Amino acid sequence: MTISPPIDLRSDTVTRPTPAMRAAMLDAEVGDDVYGEDPSVAALEARALALFGGPDSRLTTALFMPTGVMANHIGLRMHAAPGEEVVCDADAHIVAHEDAGLAWHAGVQTRTALTERGLLTADQLDRLVRPHGPYVVGTKVIELENTHNRGGGSVYPLETLRGIRALADERGVKVHVDGARLWNAHVATGTPLAEYGKIADTLSVCLSKGLGAPVGSILLLAGEQREEARVLRHRLGGGWRQAGMLAAAGLYALEHHIERMAEDHANARLLAEGLRERGLTVREPETNILLIDAPGGASGVADRAREQGVLIGAMGPRTLRAITHLDVTDKSAATAAQIIADCV
Ligand SMILES: *Cc1c(COP(=O)(O)O)cnc(C)c1O
């Protein structure tokens, strides 16, 4: 038996735009964004700023970016120049999944620490952050990933974030948050998005993950950094012209797809339960990412599941990763549990 179309749990990037999102894209007004003349891009940026800005927020402008990788890169470059240092956890997306872009394009060094589920603590950072001195590389920025991808969708407690913010202020360094899935942290904890604006000096968020837009990220930053960030974006080849149709998809997602992520989290728990009932070891999902033990080898399980119409990723030699999203229903989560368990 095989399921068609397959149940695709490899990533929340595989979502397709819904009919309503496509209609919003079709109707979008557009202009040339390199000239700063695309009204739909401007509307998206204003909306994002309204979510993360406000009293005490450090974020006073927003820039629409083609990808999250570019948003992270430019955000970090606002704080660290070639020869300077970012500290982050050893499993961070910027270390594991960005093709060493920071080293390649920016000449920035990453210094990493091993963590539980990808989450750093203020104590750890207290030991890591160091000032520049004769033959000592200076730390300029702390990078945090919330939720943490390889950590299994783990969420930073707000108190930890506040502690890290206080440490950064004390030590005179900046904080960049890779919030590709910050929406999931917000929905899982109820923490208002504006709270995160008080923690981060720069923040990247993805529209193309669980929010279901086809493309795009947003970089939030301080107003005085806007022009420099636009120049860097252009230099990387990211000066886009009539991006308004993509921005319209993002705007639609911000208006309609944030709070519904609670369903994705419920479906991840459903999948976890179904797997546990069948004797598998899974970590209780905090958001929409599920890590599953595959003691006999993850890639073999992924191959067998694919033959039966369930797509799932191997996260390591003996760990599988399943992600729920907009296009996964409770019924398909239950079906997937059965098939994955059979394959393990
Ligand atoms: C997906 C992701 C990004 C950015 O990815 P793009 O594909 O470039 O949009 C950044 N950080 C994390 C944690 C991610 O999961």
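Here are some friendly notes on this predicted model, covering its ligand site, its enclosed spaces and a few unusual spots in the backbone.

1. **Where the ligand sits.** A good place to start is the ligand. The space it takes up is the largest pocket of the protein. Around the ligand you will find 13 residues, and those that come nearest are Gly 68, Val 69, Asp 178, Arg 181 and Lys 209. Try picking out these five names in the structure before reading on.

2. **What surrounds the ligand.** Which helix gives the most residues to the shell around the ligand? That is helix 3, which covers residues 68-77 and supplies three residues. Sorted by class, the shell holds five charged residues, five polar ones and three nonpolar ones.

3. **Side chains that meet the ligand's oxygens.** Three side chains are worth a look here. For Lys 209, a side-chain N or O atom is 2.8 Å from an oxygen atom of the ligand. For Arg 181, the distance between a side-chain N or O atom and a ligand oxygen is 2.9 Å. Asn 149 also has a side-chain N or O atom facing this kind of partner, with 3.1 Å between that atom and an oxygen of the ligand. How much of the ligand does the protein bury? Taken alone, the ligand exposes 380 Å², and the protein buries 84% of that.

4. **Enclosed spaces.** Now leave the ligand and turn to the cavities. Rolling a probe the size of a water molecule over the atoms shows where empty space is left. In this model, there are two cavities of 30 Å³ or more. The largest cavity holds about 50 Å³ of space. Its lining includes Arg 117, Gly 151, Gly 152 and Ser 154, along with Arg 283, Glu 284, Pro 285 and Glu 286. Ile 289, Leu 290 and Leu 291 are also part of the lining of the largest cavity. By class, that lining is made up of four charged, four nonpolar and three polar residues.

5. **Two cis peptide bonds.** Where are they? One runs from Ser 4 to Pro 5, with omega near -5 degrees. Pro 5 belongs to the segment before strand 1 (7-8). Another cis peptide bond joins Asn 146 to Thr 147, with omega near 0 degrees. Thr 147 is in the loop that links strand 5 (139-145) with helix 7 (158-171).

6. **A positive phi.** Last, have a look at Asp 56. This residue is not a glycine, yet its phi is positive, at about 70 degrees. You can find Asp 56 in the loop between helix 2 (39-52) and strand 2 (61-65).

Technical notes
Residues numbered from 1 in each chain as written. Predicted model: local features only at pLDDT ≥ 70, side-chain atom pairs only at ≥ 80, totals over all residues. Heavy atoms only, no water. Near = heavy atom within 4 Å. Polar contact = N/O pair within 3.5 Å; in protein donor to acceptor, adjacent residues only side chain to side chain. Areas by Shrake-Rupley, 256 points an atom, 1.4 Å probe, with all protein chains shown as cover. 1 Å grid on protein atoms, 1.4 Å probe; cavity = no way out; pocket = protein on both sides within 12 Å on 5 of 7 lines; lining within 4 Å. Sits in = over half its atoms within 2 Å of the grid points. Helix = DSSP H or I, 4+ residues; strand = E, 2+ residues; numbered from the N terminus. Nonpolar A, V, L, I, M, F, W, Y, C, P; charged D, E, K, R; others polar. Points joined across faces, edges and corners; volume = space filled by probe spheres on them.
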